[in-house]
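Please look over the strands of this model with the following briefing at hand. The points below are grouped by topic.

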Amino acid sequence: MKGRIFSVVGSMLLLTVCSKGNQSSAAPAAPPTAAPTNEPAAPAASSAAGGTISGKIKFTGTAPKNPTIDMSEEAACKSKYTTTPTEENVVAGPANALANVFVYVKSGVPAGQKFTPPTTPVVINQSGCRYHPHVFGIMVGQPFEIDNSDPVLHNIKAIAKANRPFNVSQPTAGMKTTRPPFTAPEVMVNLECNVHGWMHAYLGVRPDPFYAVSKEDGSFTISGLPPGTYTIEAWHEKFGTQTATVTIAGTETKTANFTFAAH
Amino acid sequence: MEAEDLGSERGGGGQQVIPALLLLTLVAVQDTTAGKQVYTKWCAGCHGDNGAGDGPGATHMIPPPRDFTGAIYQIRSTPSGQLPTDADLLRSIDEGLPGTAMPGWKTRLSDRQRRDVVAYIKTFSSFFADTTQRPQPITFGSAPGGGSGAEALKVGRQFYDSIGCRKCHGDQGRGNGPSAPTLKDDAGHPMFAANLHENWRFNGGGTVEDIYHRLRTGLDGTPMPSFSDLLDQKFLTDEQLWRLAQYVRSLSPTETPVVRDVIHAPLTKALPHAPDDSAWSAIDDYWFPLVGQVIHKERWFAPAVSGVWVKAVHTADSIALRVVWDDRSQSPDTAWLAHLGRVFTALADDSAREQPALWPDQLAVQFPVSIPTGMERPYFLMGSPNAPVYQWRWSSSARTLATAGLARGIDRFDPITGPGGGIATQAVYDAGEWRVVFTRALASPDTGNQLPLRTGRAIPVAFFAWDGSNGEHGTRMAISTWYFLALDEPVPARVFISPVLAMVLTLGLGMLVVWRAQQKTSYRRQQ
């Protein structure tokens, strides 16, 4: 009798599972995060010669307030702050300058041209239960090092499509993990910590050294570009992307400014 | 095993004329064609025609079916970030993933079919064709001995704390750690930290070896990271990581619980009213599995409570029934609201979408209104309008009194307003577990509706559970079928006296025979 009831329940489940067809795989938008105040990782120095693209990034409207972070579960992180820490979704400087924008040459670099990645690793550090830097770049093939300065468990999960995703743990301060290099360009690889849901960082993986991250005053510089016409893309975690076309001839410096709209 | 290897098995000899490379290519194509047929018939319903984990069944599952296009697999023998081996993929197909909707296929599909399907699902991602991405399995050692000893478990527990397992899995391992409500997979689907007390539901298997392997490889695509780096950096030794695996294993019962149909309630002098009364430790524990209610709308495919542990005891005039179940949240709890939103989004059902709200945890114990005389019992799913069932309904929002009432179908519960309407309860929520004791007199004020409990009879009983923080209320619940409760009868005095009497009589008779025999012998000698 019992068996029969279970088989009824079971077949109902199967029937339902097999017959209903409305899919919705709406994924909630990943809540973005924090940005550091220190200098974003500079791309590998390229040939001193070549052209330069520099500019300033601003936004119009009112920047959304960064949510405060409740670190009560992690006293060791909380103690690193004198005021309540916040996420770093929108880091704004004076006069609506916008930091943490990843600016890169999206197209225009000849496809056959190969760039040797630096052997020095790009380092991301976990300190005060936030990532430093918050937005940064790395070249395909360049070593990637993850450090933990917090005496608490962090896991570092990379969410990637063109590259292999991974998820490794660092339970205490002083741990250093060097990951196998990224194998394909990808803007962006998302890094997150599942122990601390507020921790997010964004990593642009590029095949060339022509990328930069805007500073607190909104400025960025990409140098060493050979002559050519380039599509430049500026990526921001909250405000999306913008592009510009810039033509470089010789060793000149061209300006490309971007203005995002804060909703 | 590579597709080409599989093909060469099939290709056999007799094709020497054709260059080997061409043969292999041809056979590989055949393989994925065969695999596609199997896949389309058996797998696509959940995993989708294009392997994106978006088949028609996907919207009823937490966790969702694997999306093969990203080649991200939980159960591997390789380091985090690497592809699985063919043997890894075959293992998940053969054994299924316990605790999820994925069944094992070993007995349903032939060896060839399962291998073909492995070859086919690899075609959904270009990573498998990339020769720079060859999986390199980790060489796992074997578990050190003495794993169930107190000293070993102490070491394991020490590392459970120091490497932060408790952050997600909770202090006692019931998946209720402070970070548990925030967990998501890569696509934003809600994820649960495993309840480490139910090793028969671990996705990758419940042995010490399985647990150790998961600690080394992590479960890619989920929040569970790999802990291999800790060995490389000498944060702990391999033996200590094994000890951790042994500790985790020790949290679950030695054997997977089996269902025993009849709860025996022994007779006692004094009822234990408190859930943690020491008297309970001497009473036999019975486990009953619960499943999602998928018969009536609103149906529920993601029940949080997978089973209940039940003990019962009675005195001459009263009964105490203790129900214990794992629940990762003490509802209502605002910390789980965002998680609940993700659950509702993932289960885009045919029912109307609901807004997350603060519901309590609930448990119902169900009996017939009177002890049936024959085999006939009311409908197990809360009776029917003409044949109601008698229930005790407990809620975390009124912990000390359960409501007795009559259910007349899944959506109608009429509380008893007069005598017998309240059932005394005592409840404890502790580290991810509810322990609730119901007590009631055996006699009832309304023998037609409020089941009089009698000894020596098989009394049908069933259980229902709701985890409010998982969105469970109304028809969205976990259900059991009918089982039985038997109140042991007092043992009559003759049971103790009769054997003694029989022994004395036997002994006496025996001695008499011996005495008579000796008498005769001595008489003959005298003659």
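**Strand pairing in a predicted model**

In chain A, β3(A) and β4(A) form a hairpin with 2 residues between them, and in its turn G128(A) has a positive phi of about 60 degrees. The model is a predicted one, and the points below begin with the surroundings of this hairpin before passing to an open sheet of chain A.

**The hairpin and its strands**

- The two strands β3(A) and β4(A), the latter covering residues 130–132, run antiparallel and are joined by 3 bridges, with N125(A) standing opposite H132(A) of β4(A).
- β3(A) also pairs with β6(A), residues 144–148, here in the parallel sense and over 5 bridges; within this pairing, V122(A) has F144(A) of β6(A) as its bridge partner.

**The two faces of β3(A)**

- In a regular strand, side chains alternate between the two faces of the sheet.
- Along β3(A), residues 122–127, the side chains of V122(A), I124(A) and Q126(A) point to one face and these residues are buried, whereas V123(A), N125(A) and S127(A) point to the other face and are not buried.

**The open sheet**

- An open sheet of 4 strands in chain A has the order β12-β2-β14-β15, with antiparallel pairing; its edge strands, each pairing on one side only, are β12 (211–213) and β15 (240–248), and the twist from one strand to the next averages 25 degrees.
- Within this sheet, β14(A), residues 228–236, and β15(A) pair in the antiparallel sense over 9 bridges, and T231(A) has T245(A) of β15(A) as its bridge partner.

Technical notes. Residues are numbered from 1 along each chain as its sequence is written. Chains are lettered from A and ligands numbered from 1 in the order in which they are written. This is a predicted model: local features need pLDDT of at least 70, side-chain atom pairs count only at pLDDT 80 or more; totals for chains, interfaces and linings use all residues. A residue is buried if 20 or more other C-beta atoms lie within 10 Å of its own, exposed if 12 or fewer, and partly exposed in between; C-beta atoms are placed from the backbone. Two strands pair if DSSP finds at least two bridges between them. Axes are lines fitted to C-alpha atoms, for helices over the stretch in contact, and angles run from 0 to 180 degrees between N-to-C directions.
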